[in-house]
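Grab a viewer and something to scribble on. Here's a set of exercises, each with a solution worked step by step.

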Amino acid sequence: MFSFIVTALLCVLPIEILGVNVCPAGTYQPTGSTGVCIQCPIGTYQNIGGSSYCNQCPRGAYCPKIGASGIHYCPAGTYQPTTGAISPDSCLKCSIGKYQNVAGSSYCNQCPRGAYCSEIGATTIHYCPAGTYQPKIGAISSADCLPCPPGTYQNIAGSSYCNE
């Protein structure tokens, strides 16, 4: 009985398209085999019917179910650096001093000069105000925005230097 349950979960019958049996998206049929479609394992997907393999879930995404025909992108503010992820828990929040403003990324960006990133999981940066500058990459606090020295100025927010 156990093998029947496993077989029922993993196998799907092919569908007929123009007289040819084709496995649907989310399944594959190994080269040389006929009559049975195997559901893609967790951590993989196949978005095209008639395939002989499943794709590893790419970096920046996860594939949480058997028979996946698509991927789930990690949200902005997170990243996922490996292939084959199976859970939204694999999406890691960007650390302080970094940000990610797009979904589906495999890395976080360093906060640029002239700005700081003070939150874990940041999706935006905070620009230093006019009258200040911030010369380093990866700043983490508004305290990193330094006042322009006497005899210099900066009338634009988000600058990495002061003008003389």
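What follows is a short note on conventions, then six exercises.

This is a predicted model, in which local features need pLDDT of at least 70, side-chain atom pairs count only at pLDDT 80 or more, and totals for chains, interfaces and linings use all residues. Residues are numbered from 1 along each chain as its sequence is written, and side-chain values use heavy atoms, with hydrogens and water left out.

**Exercise 1. The overall picture**

Work out how many helices and strands the protein has, and what percentage of its residues count as buried.

Step 1: run the secondary structure. There is one helix, and there are 17 strands. Both are DSSP runs numbered from the N terminus: helices are H or I with at least four residues, strands are E with at least two.

Step 2: check burial. Out of 164 residues, 31% are buried. Buried means under 20% relative accessible area, exposed over 50%, and partly exposed in between (1.4 Å probe, protein chains only).

Step 3: add up the surface. About 9,500 Å² is exposed, with carbon and sulfur atoms supplying 59% of it. Areas come from the Shrake-Rupley method with a 1.4 Å probe, and for residues only the protein chains shown count as cover.

Step 4: look at contacts, meaning heavy atoms within 4.5 Å. Of those with a separation of 6 or more, 38% join residues 24 or more positions apart.

**Exercise 2. The salt bridge**

Find which side chains meet in a salt bridge, and say whether each partner is buried or partly exposed.

Step 1: apply the rule, a side-chain nitrogen of Lys or Arg within 4 Å of a carboxyl oxygen of Asp or Glu. The count comes to one.

Step 2: name the pair. Lys-136 and Asp-144 meet at 3.5 Å, N to O.

Step 3: compare their surroundings. Lys-136 has a relative accessible area of 44%, so it's partly exposed. Asp-144 has 17%, so it's buried.

**Exercise 3. Two nonpolar cores**

List the residues of the largest nonpolar core, then look for another one.

Step 1: set the criterion. A nonpolar core is a set of buried Ala, Val, Leu, Ile, Met, Phe, Trp, Tyr and Cys residues joined through side-chain atoms within 4.5 Å.

Step 2: collect the members. The largest core has six residues: Tyr-99, Cys-111, Ala-115, Cys-117, Ala-122 and Ile-125.

Step 3: find the other one. Apart from that core lies another, of five residues, including Cys-57, Ala-61, Cys-63 and Ala-68.

Step 4: zoom in on Cys-63. This residue sits in the loop between β8 (61-62) and β9 (72-73). Its relative accessibility is 0%, so it counts as buried. Leaving aside neighbours within four places in sequence, Cys-63 is in contact with residues including Ile-42, Cys-57, Ile-71 and Ile-86.

**Exercise 4. A nonpolar patch**

Track down which residues form a nonpolar patch on the surface.

Step 1: filter for residues with over 30% relative accessible area and no salt bridge; like charges are joined within 9 Å, nonpolar side chains (Val, Leu, Ile, Met, Phe, Trp, Tyr) within 5 Å.

Step 2: read off the result. Ile-42, Ile-66 and Ile-86 form the patch, with about 250 Å² of accessible area together.

Step 3: place one member. Ile-42 is in the loop between β5 (37-39) and β6 (44-45). Its relative accessibility is 42%, so it's partly exposed.

**Exercise 5. What Glu-119 holds on to**

Find which side chains make polar contacts with Glu-119.

Step 1: locate the residue. Glu-119 lies in the loop between β14 (115-116) and β15 (126-127). At 34% relative accessibility, this residue counts as partly exposed.

Step 2: test the N and O pairs within 3.5 Å; within protein, one atom must be able to donate a hydrogen and the other to accept it, and residues adjacent in sequence count only if both atoms are side-chain atoms.

Step 3: list the hits. The side chain of Glu-119 contacts that of Ser-118 at 3.0 Å and that of His-126 at 2.9 Å.

**Exercise 6. Side chain to backbone**

Find which backbone oxygens the side chains of Thr-27 and Ser-51 reach.

Step 1: start with Thr-27, found in strand β4 (residues 27-28). Its side chain reaches the backbone oxygen of Pro-24 at 2.6 Å. At 3% relative accessibility, Thr-27 is buried.

Step 2: move to Ser-51, in the loop between β6 and β7 (55-56). A polar atom of its side chain lies 3.0 Å from the backbone oxygen of Tyr-53. Ser-51 is buried too, at 10% relative accessibility.
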